[in-house]
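Student: Could you walk me through how to read the packing in a protein model?
Tutor: Gladly. Let's put the structure up and take it feature by feature.

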Amino acid sequence: MNYSKYERMKQLIADMKLPDYRYEQIIKAIFLQHISTFERMSTLPIKLKETLIDTFGPSVCCTVPAACQTSGQADKILFLLPDGNCVETVNLHYKKGWESFCISSQCGCGFNCQFCATGTLGQKRNMTADEITDQLLYFYLNGHKLNSISFMGMGEPLANPNLFDALNILTDSSLFGLSQRRITISTIGIIPGIRRLTNEFPQINLAFSLHSPFEKQRSELMPVNRSFPLHEVMDALDNHIQHTGRRLFLAYIMLNGVNDSPDHAKALLNLLQNRGPWTHLYHVDLIPYNATDKTSRTFTSSDKGTMKRFRDILHGNGISVATRTQFGSDISAACGQLHGVEKDCIAAVESFHKKNEV
Ligand code: SAH
């Protein structure tokens, strides 16, 4: 079991035989006063501050920003993790001050979806619960509002068991205090993870990356389909809806000439009409494909007319469907474009290793 830094802080205070309220003071300093270094926590005794710094380093946040790209409503931050790996986090800001964050759950990804840039990196390792939540803590400490969070960055969240510890931290009212309804998990269909989410976090929004209604084609595009076939995932999703009564989002990337034909639309319609009483709780998001030059097979996005025809087949038959607009594709910050081994990342990793050598 990996303990989170919050649990370790509590333990450290008990080990030092200090009163419990010292822990409350640290948490208050972080989450109410937005204090980002232990040194500046003026209510703490010097000995405690020193021990905290020795144990956790000077900053309360273990993710260090190494590079940032900005474009209109999207900022993409490259974070350096304590072991020299990098991940990317995207901050989207909307009119009226609403902010949403697209966060990563794994360094790289081992599932090899044919159209996704992150998949070309391979799986390096799972992120820890601290690393996952520190992507948000970094922004929170810098005055951002965490209005909505989606696990749509790098990696497959439901393949990382640390995700559940991260969700506990994010929804803990004494820590981030986020409502489950502000969090969305996107998955390629890891069935045991879906079941666990149904039981432990029923109010969290669930999105399923579907991308083809045909088992054979889905297995080609997304090899995970061989382990967790579409029809079994759909059963797990029905069960999720039955238990939670919540809407379920189906993501469908529109790949020109690959999965955008009327036959695909009809097969998708058929798949959803077979859900019985749960059909109306499925919502399809059609997503234009975002170009990436990282994948070995090249795809292009379907054109607007094709997307509209596809949409009309679903909509005309009572399926809830929308075409999702995306920000950030010009800085490779949109879905499926996060890759993080650009020159910035290499430079950050080099300087990290240099620092550690000294
Ligand atoms: N592994 C999870 C979480 C990542 S979310 C999942 O796949 O669901 C990233 C979303 O972007 C997924 O819906 C994914 O299928 C989609 N995606 C991947 N590559 C894309 C691309 N090049 N263009 C648009 N969407 C893409």
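Tutor: What follows goes from the core to a helix, then to aromatic rings and a single threonine. Keep in mind that this is a predicted model.

Student: Let's begin with the core. Which residues of the largest nonpolar core touch the most other members?

Tutor: A nonpolar core is a set of buried nonpolar residues joined through side-chain atoms within 4.5 Å. Here the largest such core has 96 residues, and Y6, F115, F151, L167, F176, L237 and V284 touch the most other members. Helix α4, residues 129–141, gives the most to this core, with 7 residues.

Student: What does V284 contact, leaving aside its neighbours within four places in sequence?

Tutor: V284 is in contact with L250, Y252, L268, L272, L314, I319, S320, V321 and A322.

Student: Now a helix. How many residues of α5 are buried?

Tutor: Buried means under 20% relative accessible area. Helix α5 spans residues 162–171, and 7 of its 10 residues are buried, so to speak mostly covered. Those buried residues are N162, L163, F164, A166, L167, I169 and L170. They pack against the helices α1, α4 and α6 and against the strands β6, β7 and β8.

Student: Does any of them have a charged partner worth a look?

Tutor: Try F164: R196 lies over the face of F164, at 4.0 Å from the ring centre.

Student: And rings with rings? How many aromatic pairs does a search of the whole structure find?

Tutor: The search finds 11 aromatic pairs. Take F38 and F56: their ring centres are 6.1 Å apart and their planes are at 40°, so this pair is tilted. F38 lies in the loop between α2 and α3 while F56 is in helix α3, so the pair ties together parts that are 18 residues apart in sequence. Both F38 and F56 are buried. Elsewhere on the aromatic list, Y6, F31, Y140 and F176 form one cluster.

Student: Last, the threonine. Where is T63 found, and is T63 buried or exposed?

Tutor: T63 is found in the loop between α3 and β1. Its relative accessibility is 3%, so T63 counts as buried.

Student: What does the side chain of T63 reach?

Tutor: The side chain of T63 reaches the backbone oxygen of D134, at 3.1 Å. Not counting residues up to four places away in sequence, T63 touches F79, L80, L81, E131, D134, Q135 and Y138.

Note on methods:
Residues numbered from 1 in each chain as written. Predicted model: local features only at pLDDT ≥ 70, side-chain atom pairs only at ≥ 80, totals over all residues. Heavy atoms only, no water. Buried < 20%, exposed > 50% of the residue type's maximum accessible area, 1.4 Å probe, protein only. Helix = DSSP H or I, 4+ residues; strand = E, 2+ residues; numbered from the N terminus. Contact = heavy atoms within 4.5 Å. Phe/Tyr/Trp six-rings, centres within 6.5 Å; stacked < 30°, edge-to-face > 60°. Lys NZ or Arg CZ within 6 Å of the ring centre and 35° of its normal. Polar contact = N/O pair within 3.5 Å; in protein donor to acceptor, adjacent residues only side chain to side chain.
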